[in-house]
Structure formats: C-alpha cells, structure tokens
Amino acid sequence: MGKIKVLHVLAQRPKGGIGTFLKNMQANIDTSKVQFDYIICDSDETGEFDTFVEKFGSKVHILSPLKSNKIFRYISEVDTFFKTNGSEYDIVHGHLSSLGVIYLSIASKYGIKHRVIHSHATRLSDKRLNEFRNFFTELPLKKAANIYFACSKKAGEHKFGKKNMDNNKVHIINNAVDVNKYRFDTEKRVKLRKELNLEDKIVIGNVGRLSNQKNLLFLIDVFHRIYDKDKKAVLMLIGDGELFTTLKNKVDSLGLKNAVLFLGKRSDVDKLLQAMDVFVMTSLYEGFPLVGVEAQCSGLPCVFSNTITKEIKVTDGCEFLSLKETKELWASKILNLVRENSGRNQAYKLVANAGYDIKKEAEKLQRLYHKIMEKN
C-alpha cells in the first residue's frame with residue numbers, strides 16, 4: 001500500500017482545541033506513510049497554521065470565507081475542488097459538521113469512498129438559533145459519512161447516537177499531548193513566576209477562547225469570592241475572543257483589575273501551566289478539552305464543570321462541580337485543592353499510561369487509516 005492521502009476539511013484556520021489536535025497529529029504521524037492536506041474557508045493570507053503544517057509537506061487549499069448567505073458559492077467551490085483534485089485523496093476527514101452533508105456528498109460524487117466525520121463537541125452551537133439550524137443540517141450527516149470519529153464517548157453519543165456507540169461503530173481518537181513538553185519542571189515554574197511577579201501568589205488559571213461557551217463571567221464571579229478569602233490570589237486568563245471587552249469591564253467593576261491577568265493568545269501555554277497552582281474550567285459544554293489533559297500532565301489540580309465529560313479525569317487531583325452550585329462553594333473547593341496539592345513531578349506518566357500520549361495516539365490513527373483503506 002502506498003502513501004495514504006487524507007484531506008481534512010475545516011471551517012476556517014483552526015484555533016484552540018481542533019487546531020492543537022491537528023497540529024499535534026501532523027507533527028507525530030509518519031509522513032512517509034500518511035499525508036495530511038487541508039481545505040480551509042478563510043482569507044488568502046497565510047496564517048500560522050498554514051506555516052506549521054506546510055513544514056511537513058502538507059498543502060492548504062483556501063476557499064472563500066464562510067457566510068450564511070453564500071451557501072451556493074460554497075457548494076460551487078467545493079464541487080470545483082473535488083472535480084479537479086478529488087482523485088488525489090483516499091480519505092476525506094471532516095471536522096466541519098454543519099456543512100458535512102455538502103462536502104462529503106460531493107466527495108462521494110467524485111469517487112472518494114472513505115468519508116469521515118469527526119465529533120469534537122457535545123453541543124451543536126453555543127447560540128440557540130445556530131443550534132436549531134445545525135440540528136436539521138446535520139440530520140443527513142450520518143449517511144453522507146461512512147466512518148465516525150469522536151474525541152470522547154460523550155461527543156460520540158451526541159453526534160452519532162448511543163446505538164452506534166454501543167455497536168462500536170464510532171472510533172474514539174483521544175485528544176492527546178506531547179507528555180514530555182507538558183511535564184512539570186520546577187526551574188521553568190520559578191523562572192516564569194519571577195518574570196510575571198507571581199512569586200508569592202496563588203495562581204488560578206484558565207486557557208480557552210473568550211466566548212460564551214467558556215462561561216468566563218461565572219469564573220470571574222467565583223474568583224471574586226476567592227480574592228475575598230485570600231488577597232494573594234491571581235486569575236490568569238489565556239486566550240482571545242469576542243468577549244474580551246465584556247470580561248475586562250466585569251473585572252474592573254469588581255475592583256479586580258490588579259488581580260486578573262489577560263494574557264491573550266499565547267504560544268507558550270506549556271510554560272504558563274507550570275506557573276499556575278490550580279486549573280479551572282467552567283465551560284457550558286465541551287467535547288473533550290485538550291487543555292484539560294495538558295493541565296493534568298503538568299501536575300495541576302483541576303476543577304471542571306460537570307458539563308465536561310468525566311473521561312477528562314486522568315489524575316486524582318480533579319473535581320467536578322455543578323454550575324448550579326454556589327460560587328462560594330466553587331471558591332472553597334478551588335482553594336482547598338491548591339492547599340492539598342503535593343508534588344507534580346509524576347503526573348505526566350499517568351497521562352501517558354491513560355492513552356493521552358500523542359506519539360502513541362498518532363500511531364493509532366495511522367493504523368486506523370490503514371485499516372480503513374484495507375476495506376477497499
């Protein structure tokens with residue numbers, strides 16, 4: 001069998017979890033046996049994602065930016081792409097569910113037998129109107145695709161149904177990390193905390209897009225209670241997004257301006273995790289948040305909202321709390337975890353043994369692609 005060519009279909013240049021997942025896989029899969037290419041609906045300008053994947057010999061095909069009133073343009077461009085380039089690819093691997101029925105059906109039309117749809121979330125959207133729309137657009141998706149992937153059991157059941165999960169028709173591809181990159185390092189921690197003037201602080205951290213899904217207004221209210229209990233507390237928010245101004249105004253109105261760090265989008269999350277004392281996610285929903293594995297790999301105690309799949313729990317230092325619980329309870333639990341935290345050096349081994357080592361997971365995905373091709 002020659003090199004397998006896989007085309008990944010995305011909405012736009014990926015940010016956050018999906019982008020990290022793809023870059024991790026791209027960097028660890030055997031490129032002599034599997035080639036990844038990408039379709040992205042975005043501007044023609046080259047982005048950081050393009051630069052990264054092109055180092056591994058991948059091509060990035062750019063279509064026009066997605067707009068709800070330009071659906072026929074999307075159909076036309078996808079049809080033209082597969083008519084011209086479809087014969088190059090063995091597998092189409094879709095990460096854009098809402099339009100999956102379009103591009104997967106067109107891929108089938110031009111002879112691509114193996115069509116994957118990959119579930120990365122447990123809700124269709126964080127906007128009710130979009131969720132209602134996506135429910136109907138995704139109804140035919142299970143027929144347009146003939147192979148199902150998911151990042152977790154919960155994400156698999158959401159997209160493909162419990163019956164398909166129980167019948168082993170959904171392949172779980174773990175959101176894995178480079179465990180050596182994220183393992184705890186005392187020297188890095190001391191250096192970074194000194195640079196950020198955090199040497200005597202209790203650092204509560206969150207990494208993610210500043211969006212409704214991440215429920216950060218709730219987190220800021222929780223942190224307000226923490227700060228009332230201990231003035232050494234600092235909240236570190238890593239990420240950018242549409243709610244930056246809203247969140248900043250909230251912080252200012254609570255008198256927390258000097259206690260909340262907005263660090264924006266960063267390429268050194270692995271180092272920043274070392275500087276934290278506890279990691280908190282208050283998300284309304286998640287498929288399987290990769291950053292939760294990264295945090296545990298660095299030995300951090302974690303507090304997750306109970307809307308996040310329990311599969312994320314790898315180490316013992318994890319708590320799940322209902323968003324219906326009081327913010328006072330959240331604050332107490334977070335502070336207790338900080339005080340109970342003892343030793344972070346061995347956590348990366350637990351993460352690797354639980355199946356979240358990217359090298360092993362990339363090998364698993366590669367074997368799965370080969371198994372798919374053998375069914376020709």
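**Legends to close-up views of the predicted model**

**View A. Asn-197 occupies the loop between helix H10 (186-195) and strand S8.** Helices (H or I, at least four residues) and strands (E, at least two) are DSSP runs, numbered from the N terminus. The model is predicted: local features require pLDDT of at least 70 and side-chain atom pairs count only at pLDDT 80 or more, while totals for chains, interfaces and linings use all residues. Residues are numbered from 1 along each chain as its sequence is written, and side-chain values use heavy atoms, with hydrogens and water left out. Asn-197 is exposed, with a relative accessible area of 59%; exposed denotes over 50% relative accessible area, buried under 20%, and partly exposed the range in between (1.4 Å probe, protein chains only). Although not a glycine, Asn-197 has a positive phi of about 55°. Most residues other than glycine have a negative phi.

**View B. Lys-214 and Asn-215 share the loop between strand S8 (202-207) and helix H11 (216-229).** Lys-214 is buried, with a relative accessible area of 13%. Asn-215 is buried as well, at 16%. The phi of Asn-215 is near 60°, a positive value in a residue other than glycine. Apart from neighbours within four places in sequence, Lys-214 is in contact (heavy atoms within 4.5 Å) with Gly-208, Arg-209, Met-281, Thr-282, Ser-283 and Glu-286.

**View C. Helix H4 (residues 100-109) is shown with the elements that cover its buried residues.** These buried residues are Gly-100, Ile-102, Tyr-103, Leu-104, Ile-106 and Ala-107. Their cover includes strands S1 (4-9), S4 (91-94) and S5 (114-119), together with helices H3 (71-85) and H6 (141-144). After H4 comes Gly-111, which has a positive phi near 90°.

**View D. Two of the aromatic pairs are shown, from the 10 found in a search of the whole structure.** Rings of Phe, Tyr and Trp (its six-membered ring) pair if their centres lie within 6.5 Å; planes under 30 degrees apart count as stacked, over 60 as edge-to-face and the rest as tilted. The ring centres of Phe-52 and Phe-56 lie 5.4 Å apart with their planes at 50°, so this pair is tilted. Phe-56 is partly exposed, with a relative accessible area of 29%. For Phe-288 and Tyr-356 the centres are 5.5 Å apart and the planes at 15°, so this pair is stacked. The pair of Phe-288 and Tyr-356 links distant parts of the chain, 68 residues apart: Phe-288 lies in the loop between strand S11 (278-281) and helix H14 (290-297), and Tyr-356 in helix H16 (residues 347-356). Both Phe-288 and Tyr-356 are buried.

**View E. The whole protein, with 17 helices and 13 strands, sets the close-ups in context.** Its radius of gyration, taken over C-alpha atoms, is 21 Å, close to the 21 Å that the globule rule (2.2 Å times the number of residues to the power 0.38) gives for 376 residues, so the protein is as compact as a globular protein of that length. The C-alpha atoms fill a box of roughly 65 × 45 × 40 Å along the principal axes. Of the 376 residues, 52% count as buried. Among contacts between residues at least 6 apart in sequence, 70% join residues at least 24 apart.
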